[in-house]
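Q: Please take a close look at a single helix of this model, and then at the surface and sheet features that can be described alongside it.

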Amino acid sequence: MSVSTSEFLREAAARGFVHQCTDLAALDAACVAGPIAGYIGFDCTADSLHVGHLMQIMILRMMQRHGHRPIALMGGGTSRIGDPSFRDEARVLLDDERIATNMAGIKTCIEPFVRFGEGASDALMLNNATWLDKLGYIDLLREVGPHFSISRMLSFDSVRTRLEREQGLTFLEFNYSILQSYDFRELLRRHGCVLQIGGSDQWGNIVSGVELVRRTDAKSVYGLTTPLITTASGVKMGKTAGGAVWLSGARLAPYDYWQFWRNTEDADVGRFLRLFTDLPMEEIDRLAALGGAEINEAKKVLATEAAALVHGRNAAEQAAATARSTFETGAVSETLPTYEIAADDLARGIAVFRLLVDSGLATSLGEARRLIRGGGARVNDVVVPDEAGIVTAADLRDGAMKLSSGRKQHRLIKTT
């Protein structure tokens, strides 16, 4: 890959954000010539984004830092279909009320990362239902349909993967690529947007949009994809035994979010510092070079910087302080995530395996039992000896008890 002259693309490449680009040299020239607008689409399939979306959000943030205009496009229209890309089966169709609720939640996840407003480099948040809901089916087919080749669409990896499986691909889902391409053209016409960014699984859809604009508007626009991120052990980024790592504080406490990053594998620390923090490259190189036990200090920096972007600096530093008091002094900190139970229930006794599930430290009773059998469950830092273990009011220390899953996941149990 040739070295870009625009500051935005140069930093994006150095930090590891660039996977594919439809015409990197031309995009570089456009960025040098003046500020551009670029967008990323977010379908409203949940009321929060998760760590798997972070690369997309971070590159929007980087665009703005270099004077370009980021656009976050909410899929109020396309969410009614659902993106089939690399999914084993069709998404559950959402009603308009659920889509609106999810859209509001997603907005709160993006707002900490970029500055919205009316200035030249201020971010825009748009909803593709604005134009998609007004489309007439026959009009769309006549105007856009002739520019899409069925044989080419069938060659997309995302489509071919689904067709090779028993679930197949519905005609409804097959239209998704056409609507995403239509979005790109509308954003060009309405807001001068010349760049679409997406994950590597979006390459086929993005190229289709670039081609649609070229055929109908005789203009050059560009597509850029970010790489699929897996951990050093081969696990998809953002997936844990407990499920998705959500950005919303209502879904995942800031302390648990901090702990997710603190648990990063040694081999991933430098890469994740480049991708998921704003630290200067020189500082990242220094931290990534730490070895032995010192790498844990780099992990704490990663956790605090990543958490600060989502939850704010105060919450991130409080999470770091909680971790210090918990792990380095063994204290039960009041800032641990809290789970409340009825005093009467505790007086009668509660099975530890059930409390692990209820407090969110295990996802099922079976997982909780396996955790206890493996010696990974602790009450007030004491290993729970068997699956029949219970806790009672006698286990309270100064009105609370610490329940732990392994050495890094904890809850402060209090009574109501």
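A: In this predicted model, helix H11 covers residues 203-217, and because a rise of 1.5 Å a residue leads one to expect a span of 21 Å for its 15 residues, the 21 Å between its end C-alpha atoms agrees with that expectation. The buried residues of H11 are Gly 204, Asn 205, Ile 206, Val 207, Ser 208, Gly 209, Val 210, Leu 212, Val 213 and Asp 217, and these buried residues pack against two kinds of element, namely helices H7 (150-155) and H10 (176-191) together with strands E5 (193-199) and E6 (222-226). After H11 comes Ala 218, which has a positive phi, near 55°.

Turning to the surface, Tyr 137, Ile 138, Leu 141 and Phe 171 make a nonpolar patch of about 440 Å², to which helix H6 (residues 137-143) gives the largest share, 3 residues. Phe 171 lies in helix H9 (residues 171-174), and with a relative accessible area of 56% Phe 171 counts as exposed, because the cut-off for that term is over 50%.

As for the sheet, 5 strands form an open arrangement with mixed pairing, in the order E9-E15-E14-E11-E12. Strands E9 (338-341) and E12 (382-383) stand at its edges, and each has a single partner strand, so one side of each is left without a neighbour in the sheet. Within this order, strand E14 (residues 400-405) pairs with strand E15 (residues 409-415) in the antiparallel sense over 6 bridges, and Ser 405 has Gln 409 of E15 as its bridge partner.

Conventions:
Residues numbered from 1 in each chain as written. Predicted model: local features only at pLDDT ≥ 70, side-chain atom pairs only at ≥ 80, totals over all residues. Heavy atoms only, no water. Helix = DSSP H or I, 4+ residues; strand = E, 2+ residues; numbered from the N terminus. Expected span 1.5 Å × (residues − 1). Buried < 20%, exposed > 50% of the residue type's maximum accessible area, 1.4 Å probe, protein only. Contact = heavy atoms within 4.5 Å. Patch = residues over 30% accessible without salt bridge, like charges linked within 9 Å, V, L, I, M, F, W, Y side chains within 5 Å. Areas by Shrake-Rupley, 256 points an atom, 1.4 Å probe, with all protein chains shown as cover. Salt bridge = Lys/Arg side-chain N within 4 Å of Asp/Glu carboxyl O. Pairing = 2+ DSSP bridges.
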